[in-house]
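Q: Please take a close look at one part of this structure, the place where two chains meet.

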Amino acid sequence: MSDSWRQPRRVLMAALGALTVFYLLAPTLVIVPMSFTEARILSFPPEGFSFQWYQRMWTDRQWSTGIVNSLQVAVLTALLATVLGTLASLGISRGRFPGRSFVNGLTLSPLIVPVVVIAIGMFGLFVQWRIAGSLVGLVLAHTALALPFVIVNVSTSLQTMDRNLELAAANLGADPRRSFFHITLPIILPGVLAGAIFSFITSWDEVVVAIFMTSARFRTLPVEMWEQVRQAVDPTVAAVSTTLLVVTTALLLLLVVVRRQAPAQ
Amino acid sequence: MATADEARRRPWPSLVGARPRFNRWSALALPAVVFLVVVFLIPLLAMGLRSVTDPPGAGLANYEQFFAQDAYVRVLTNTFWIALLATLACLVIGYPFAYLMTVVPGRFAGLLLIAVLLPFWSSLLVRTFAWQVLLRDTGVINRFLLDLGLISEPLTLIRTTGGVIIGMSHILLPFMVLPMYAVMRRIDPEYGRAAANLGASPLSAFLRIFLPLSLPGVLAGSLLVFVLALGFYITPALLGGLRDQMISQLIVQQIQQRLDWGFGTAMSVLLVGITLAVLFAASRAVRLRDVFGSSVGED
């Protein structure tokens with residue numbers, strides 16, 4: 001339809017597109033320059049330039065332990081979710097067993113059930129299991145939230161891969177394990193890595209479940225931020241926000257690289 | 001399941017012979033299934049149980065309490081109302097954008113996709129905080145308008161329903177655009193050309209060819225946004241006023257402040273029930289795979 005376009009319509013669409021891109025990106029990015037302000041309050045345009053709020057973030061014990069806790073939880077979540085999710089994808093896309101649609105639904109349902117409800121359900125039992133307010137509890141909770149992303153990504157890789165390669169490996173005498181590690185895993189690796197990256201981000205940014213699963217002694221960065229934004233806000237919160245955004249964006253760029261490395265299929 | 005001995009004799013059981021009810025690959029799904037049952041499903045079921053047993057012998061009392069009070073029912077209708085408005089806002093902004101993504105050359109389409117995916121994956125809390133900073137009485141928008149002399153005193157933007165809708169539609173927009181784009185890009189441009197060759201004006205070609213073919217995407221996106229909006233907590237809590245309370249806020253309030261687990265879990269069950277009912281009702285018109293498939297990062 002594009003070649004039947006007349007000029008004014010084109011200009012209108014381009015303007016609308018630019019406006020929407022602005023709407024999508026600008027409101028969030030406004031935080032970034034504000035984090036470098038010299039002033040003691042959040043202001044735009046920012047006054048002067050300084051790293052004082054980043055310094056504050058690193059030296060303040062609450063913020064800095066928040067960063068460390070968040071990184072720990074996100075790394076452990078990514079590991080656990082990637083292992084469980086990759087195995088599950090293999091089982092779901094190649095397995096044959098009764099109740100497959102139940103398993104399919106179960107693995108995707110953490111995306112559908114409202115996160116507040118998930119948080120309260122888990123909190124209720126995790127308190128009884130004595131893992132609420134701890135690293136273990138939060139990693140388990142975040143892994144459940146992250147699993148669907150791993151399974152969708154790895155399953156897509158598995159669906160597009162040519163299984164004749166495995167047959168060839170078997171014909172040449174490779175046992176299933178060898179064929180998995182030498183043929184299958186390298187081919188689906190981009191999907192696995194994408195799943196790992198999405199799991200990390202899911203945990204790194206997650207706040208609602210974390211509000212319930214953390215305690216005064218063990219807090220993640222988003223929870224610390226949540227506690228702050230409801231009171232008087234100083235520019236440290238902008239520095240924290242920028243940190244959260246930078247980590248996520250860097251990982252998404254990594255994902256683009258991973259996808260580009262994927263063998264053409 | 002096959003014993004180790006059998007497995008050695010038949011290393012590729014799924015490729016030869018009669019189809020068994022199980023094959024060896026199946027076992028690989030087991031750890032994740034057990035994990036989700038223990039960490040996710042059992043807690044949800046326990047929550048449901050608690051809603052009818054806390055306080056002991058509660059039965060349906062917690063649910064009756066909810067529907068007996070106008071204030072609670074108002075929160076529920078308000079939740080629907082806000083979710084609906086946010087969905088409409090996303091639709092109005094998202095449709096032209098998804099359309100644009102399908103008609104621009106590939107390189108630009110990639111850039112537009114990045115513009116959608118970056119906010120999609122960045123922190124909801126950070127984005128809500130950004131809107132707080134923008135919408136405050138002393139915020140960026142009011143300062144800008146005051147400096148321009150367009151207004152003489154700050155507009156009340158935050159702690160209003162409008163503020164909640166703005167923040168939520170900004171956060172939910174990618175969930176609208178991605179399913180619509182997934183459907184629109186599959187529409188064969190030849191149809192449009194054929195219509196033009198047969199004398200249709202661009203407008204009528206759009207209205208009679210493209211629009212109807214894109215409707216599955218519109219439905220999928222709207223459904224996804226609406227369902228997600230129903231469960232929003234952070235954004236209405238930071239951008240809304242007391243009158244804009246949504247059901248998630250009420251749930252957290254009951255559990256965290258009043259420690260009223262019976263009532264809190266009953267409302268949670270209600271929220272899940274409504275979400276599932278909306279999805280079930282819509283599943284007749286929409287393929288749920290389209291809804292959730294495109295929202296988790298592929299494509």
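A: What follows describes the contact between the chains, and then one helix pair within that topic. This is a predicted model, in which local features need pLDDT of at least 70, side-chain atom pairs count only at pLDDT 80 or more, and totals for chains, interfaces and linings use all residues. Residues are numbered from 1 along each chain as its sequence is written, and chains are lettered from A and ligands numbered from 1 in the order in which they are written.

Chain B puts 78 residues into the contact and chain A puts in 76 residues; two residues are in contact if their C-beta atoms, placed from the backbone, lie within 7 Å. On the side of chain B that touches chain A, helix α2 (residues 30–53) of chain B gives the most, with 14 residues. Helices are DSSP runs of H or I with at least four residues, numbered from the N terminus. That side of chain B has 58 nonpolar, 15 polar and five charged residues. Here Ala, Val, Leu, Ile, Met, Phe, Trp, Tyr, Cys and Pro count as nonpolar, Asp, Glu, Lys and Arg as charged, and the others, Gly among them, as polar.

Now the helix pair. Helix α11 (residues 221–229) of chain A packs against helix α6 (residues 124–135) of chain B at an angle of about 20°, and their axes are 11 Å apart. Axes are lines fitted to C-alpha atoms, for helices over the stretch in contact, and angles run from 0 to 180 degrees between N-to-C directions. The angle therefore makes α11(A) roughly parallel to α6(B), a term for angles under 35 degrees. From α11(A), the contact uses P222(A), M225(A), W226(A) and V229(A), and from α6(B) it uses L125(B), F129(B) and Q132(B). By class, the residues of this contact are six nonpolar, one polar and no charged.

Note on methods
Helix = DSSP H or I, 4+ residues; strand = E, 2+ residues; numbered from the N terminus. Parallel < 35°, antiparallel > 145°, perpendicular 65-115°, else oblique.
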